[in-house]
There are 2 protein chains.
Amino acid sequence: MLIGGIEAGGTKFVLAIGNDQGEILEKQTIPTEHPDYTLPKVIDFFKNKGIERLGVGAFGAIDINQNSPSYGTLQETPKTDWIGYPFGRILKENLEVPVIIDTDVNVAAMSEAKWGNATDVDSCLYITVGTGIGGGAYLNGSTLKGLSHSEMGHIKIRRHKEDTYKGNCPYHDDCLEGLASGPAIEKRWGKKGHELVDNEKVWDMEAYYLAQAITNYIYILSPERIILGGGVMKQQQLFPLIRKNVIEMLNGYVSSPYLTEDEIDQYIVSPGLTDEAGVKGALYLAMMETV
Amino acid sequence: MLIGGIEAGGTKFVLAIGNDQGEILEKQTIPTEHPDYTLPKVIDFFKNKGIERLGVGAFGAIDINQNSPSYGTLQETPKTDWIGYPFGRILKENLEVPVIIDTDVNVAAMSEAKWGNATDVDSCLYITVGTGIGGGAYLNGSTLKGLSHSEMGHIKIRRHKEDTYKGNCPYHDDCLEGLASGPAIEKRWGKKGHELVDNEKVWDMEAYYLAQAITNYIYILSPERIILGGGVMKQQQLFPLIRKNVIEMLNGYVSSPYLTEDEIDQYIVSPGLTDEAGVKGALYLAMMETV
Ligand SMILES: Nc1ncnc2c1ncn2[C@@H]1O[C@H](COP(=O)(O)OP(=O)(O)O)[C@@H](O)[C@H]1O
Ligand SMILES: Nc1ncnc2c1ncn2[C@@H]1O[C@H](COP(=O)(O)OP(=O)(O)O)[C@@H](O)[C@H]1O
Ligand SMILES: [Zn+2]
Ligand SMILES: [Zn+2]
């Protein structure tokens, strides 16, 4: 069976045709422009290639509730041309195959569970710390969704006692994303993350915020693995700082060998997939989920 | 098919034999004493009655990870006699049927989804605000579990600016449970909740804390309904206060008609089941889950 997969990002779209073993047979990358211009290219790529299903991991706040009339429509994104655009419906009408749409982070979690750093467990949480902060999860054999999709980056956390930066989330000022995203780091310290490598205070504060969020995610979701990706996590020194803070904050409350100094480096980890994670996850999504 | 169900609470055990329509055919309630004394009574009740499966909704911090060697063992509870007691294994060996164990709050969520106030949706979150604060969820056709079970009551939240009470969680001082459980209310204000009905400040502060937690749960789990139970929630005036705070805190970020002033009273609701919720949920658990 041939399947289509799309990693729909704010910068570029990766399009692929693959089989149910996750092998990619054909691939193309196109820039994300106005949807009137980008979508015909997407349709062209998949048209008459014999795909039987199409999976999409999408950027923005996208409606992934299959019972909703706006399923597959972007609701909120800095790429304003795309807001309200019935992305999923147009693909479905033009390609005449089932189209399954999920958030990019849910698809990344699914992809890590199938082909990456969480193949040995039944559930995982994927968090990206980049321009924004987002999280997706794979559990009970499916991605996490409900009323809407998760917006894990917008939880309220406690401020670090030395932090005077007001936060830059347009909705909540100092939610997690408002305090700990890449742009928040840049605005607080006056330089981009990669120019602040030697400033210990930056990474201590960043780890404090991310660890607080991760502790909450553990209490609420109890994932069997946590994968941290995105531009900011290229600062590898964050990993040991985050792990140490998580253990301190949990204070022994959740009993698992993974949540000890000895094993936490197998619990909070980097992504196992790089380049093709999004598009491979989209193929898997198309195989796994029904519409 | 006959099924057994147990609501195993810290005060009492409710035992029931039912069928797969959720009808209860025989029921008994016994006090929770030392396990050496209580468990033989439980076994007696079910022995030779022809049950084919047994579901248990259990108090305490209980291991519900089926891959764990301590599955069905209580790990942490004020009833210290029960800590480390291989509760699930003993039932299984003596009754020779599959025993499926889950937390009381997961079972309550499942029961509300099947027979209570969440029968019209696919996922729900059940939160109890009583001696402790706990949460369980039903989603993707199963209860929420992973590395361990959820401990939603122990998330960190921001303190109310007028709150000087240090919090009473033995692990974290001022986590949600440490600030907003029934005993926390009593210690902060010097009287039990039901004696504080006319003190507006009490309920404003309580609603502020619970709404913060609920907002985080929405961002992370995105449940299609939230059910609030437990002794403290008998203060019905909390419901409108919580709903108002949740809408303010979300600040329009999650777009759903349910999260508007008009419909939020259908989203954040009381339990639909009372007396038999736990034991009916345990029957359903035994039907639904595999071991
Ligand atoms: N090596 C790095 N160290 C620290 N921060 C980085 C690094 N690389 C990128 N970032 C930050 O991450 C953000 C971009 O995140 P990224 O995950 O690459 O893209 P996006 O989130 O837009 O998909 C920017 O704010 C950038 O400053
Ligand atoms: N009507 C009420 N108003 C306010 N608080 C109450 C009320 N009833 C019980 N509580 C408080 O709830 C807690 C007991 O919670 P409950 O859910 O009844 O039991 P448990 O959590 O032990 O199963 C106590 O701290 C008690 O003070
Ligand atoms: Zn925010
Ligand atoms: Zn606590």
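**Exercise 1. Burial at the chain B site**

Are H172(B) and C175(B) buried or exposed?

*Solution.* Keep in mind that this is a predicted model. The cut-off to apply is under 20% relative accessible area for buried and over 50% for exposed. By that test, both H172(B) and C175(B) come out buried. As for what these residues do here, they are among the donors of the zinc ion (ligand 4), H172(B) through ND1 and C175(B) through SG.

**Exercise 2. The rest of the ligand 4 site**

Work out which atoms hold the zinc ion (ligand 4) and what geometry they form.

*Solution.* Start with the donors: H154(B) and H172(B) each offer ND1, while C169(B) and C175(B) each offer SG, at 2.1 to 2.4 Å. Next, check the angles among the four donor atoms, which run from 100 to 122°. For a tetrahedral call, all angles must lie between 85 and 135 degrees. The site of the zinc ion (ligand 4) is therefore tetrahedral. Finally, read the spacing along the sequence: H-x14-C-x2-H-x2-C.

**Exercise 3. The chain A zinc**

Find the protein donors of the zinc ion (ligand 3), then explain why their arrangement is called tetrahedral.

*Solution.* First, list the donors: H154(A) by ND1, C169(A) by SG, H172(A) by ND1 and C175(A) by SG, lying 2.1 to 2.4 Å from the zinc. Second, look at the angles: the four donor atoms around the zinc ion (ligand 3) subtend 99 to 122°, so the arrangement is tetrahedral. For reference, the ideal angle for four tetrahedral donors is 109.5 degrees.

Third, go to the sequence, where the donor residues of the zinc ion (ligand 3) follow H-x14-C-x2-H-x2-C. H154(A) and C169(A) are 15 residues apart, and both sit in the loop between β10 (142-143) and α4 (176-180) of chain A.

Last, test burial. H154(A) has a relative accessible area of 4%, so it is buried. C169(A), at 3%, is buried too.

**Exercise 4. Ligand 1 and its polar contacts**

Describe the surroundings of ligand 1 and pick out polar contacts with chain A.

*Solution.* Begin with the shell: the residues around ligand 1 include T131(A), H194(A), G231(A), K234(A) and Q235(A). By class, this shell has two nonpolar, eight polar and one charged residues.

Now go through some contacts:

- The side chain of T131(A) places an N or O atom 2.6 Å from an oxygen atom of ligand 1.
- G231(A) uses a backbone N or O atom, 2.8 Å from an oxygen atom of ligand 1.
- Q235(A) has a polar side-chain atom 2.7 Å from a nitrogen atom of ligand 1.

To finish, consider coverage: on its own, ligand 1 has 570 Å² of accessible area, and the protein covers 63% of it.

Methods: Residues numbered from 1 in each chain as written. Chains lettered and ligands numbered in written order. Predicted model: local features only at pLDDT ≥ 70, side-chain atom pairs only at ≥ 80, totals over all residues. Heavy atoms only, no water. Donors = N, O, S within 2.8 Å, 3.2 Å for Na, K, Ca; no water. Tetrahedral: all angles 85-135°; square planar, octahedral: opposite > 155°, others 65-115°. Helix = DSSP H or I, 4+ residues; strand = E, 2+ residues; numbered from the N terminus. Buried < 20%, exposed > 50% of the residue type's maximum accessible area, 1.4 Å probe, protein only. Near = heavy atom within 4 Å. Polar contact = N/O pair within 3.5 Å; in protein donor to acceptor, adjacent residues only side chain to side chain. Areas by Shrake-Rupley, 256 points an atom, 1.4 Å probe, with all protein chains shown as cover. Nonpolar A, V, L, I, M, F, W, Y, C, P; charged D, E, K, R; others polar.
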